[in-house]
Amino acid sequence: MPETIIVAGVPGVGKTTILQELEAVAREKNVPLKIVNFGNVMNELFKKQGKEIHRDHMRREDIQLQSRVQEEAARKIAKMPGNSALVVDTHMFVKTTDGMWPGTPIKVLQALDPKMIILIEADPEEVARRRTVDTTRERESKSVEEARDDLHWSRYMASANAVLAGVPIQIVHNRDGQLRQSAEELLKIIQKRY
Ligand code: AP5
């Protein structure tokens, strides 16, 4: 069974971009690594239930439905085969219409059984700007203040997760123009752990 690492970051921090770069760096260095996007797995499960929704709209669905799909996604990810490290690209919290909701509540955390949590962060100004210029996604919070609040929420939730799972937290900064360095740093952290 693969060992799981949770990689989380607020929307627009560049988590998916950095993980794409990580995949490329790992391939070049022959480091076996599998990356799975939690939102994609949830989106497929929604589809299976006859709900074809845009990934940015899932968080507006009924919270109980989201919760069921979230747990199912975690169980599905936990059953993924392989022996290499499994990087789960997800969120510490999701902004639902009911309020801030944990991305990895206890049942999800238990199913994933992570060995480490890595937070991708950037300066609030950079996050706000990335959210504004990224026209491919629907992002509601675009101010620097909102980005700063989200970054704080991410750390609060990560702390709770680390206490419950008894695992360390690492922070990797995704600075403008330094994608490669950030991906290499991420790979080093993962390799040190495995
Ligand atoms: P997800 O797919 O994770 O969506 P997201 O949070 O919007 O993440 P993105 O991938 O769009 O943003 P990102 O931060 O990775 O930024 P990006 O790399 O695109 O999740 C989708 C949905 O799934 C969630 O909303 C939720 O409903 C659900 N979900 C997921 N996990 C869940 C869970 N555990 N429980 C319940 N629901 C869950 O980059 C943004 C922009 O910045 C791009 O234009 C990029 O080019 C630019 N950029 C990035 N890095 C740099 C850099 N270093 N320099 C310059 N530009 C950069």
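1. Let me start with the ligand: one of its oxygen atoms lies 2.4 Å from a polar side-chain atom of R137. Keep in mind that this is a predicted model. R137 also turns up among the closest residues around the ligand, along with T16, T17, R55 and H91.

2. Two further polar contacts involve nitrogen on the ligand side. G103 uses its backbone, with a polar atom there 2.7 Å from a ligand nitrogen. D176 uses its side chain instead, and a polar atom of that side chain is 3.4 Å from a nitrogen atom of the ligand. As for burial, the ligand taken alone exposes 1,000 Å², and the protein buries 86% of that.

3. Where does the ligand sit? The space it takes is the largest pocket. In the shell around the ligand, α1 and α2 are the elements that give two or more residues. That shell holds 30 residues, which divide into nine nonpolar, 12 polar and nine charged.

4. On to the pocket itself. Its volume is about 880 Å³, and 38 residues line it. P11, D56, H91, R137 and R139 lie nearest the pocket centre; H91 and R137 are also listed among the residues closest to the ligand.

5. A word on what builds the pocket wall. At least two lining residues come from each of the helices α1 (15-28), α2 (38-48), α3 (63-78) and α5 (124-133), and likewise from each of the strands β3 (85-90) and β4 (93-96). By residue class, the lining of the largest pocket splits into 14 charged, 14 polar and 10 nonpolar.

Note on methods. Residues numbered from 1 in each chain as written. Predicted model: local features only at pLDDT ≥ 70, side-chain atom pairs only at ≥ 80, totals over all residues. Heavy atoms only, no water. 1 Å grid on protein atoms, 1.4 Å probe; cavity = no way out; pocket = protein on both sides within 12 Å on 5 of 7 lines; lining within 4 Å. Points joined across faces, edges and corners; volume = space filled by probe spheres on them. Helix = DSSP H or I, 4+ residues; strand = E, 2+ residues; numbered from the N terminus. Nonpolar A, V, L, I, M, F, W, Y, C, P; charged D, E, K, R; others polar. Near = heavy atom within 4 Å. Polar contact = N/O pair within 3.5 Å; in protein donor to acceptor, adjacent residues only side chain to side chain. Areas by Shrake-Rupley, 256 points an atom, 1.4 Å probe, with all protein chains shown as cover. Sits in = over half its atoms within 2 Å of the grid points.
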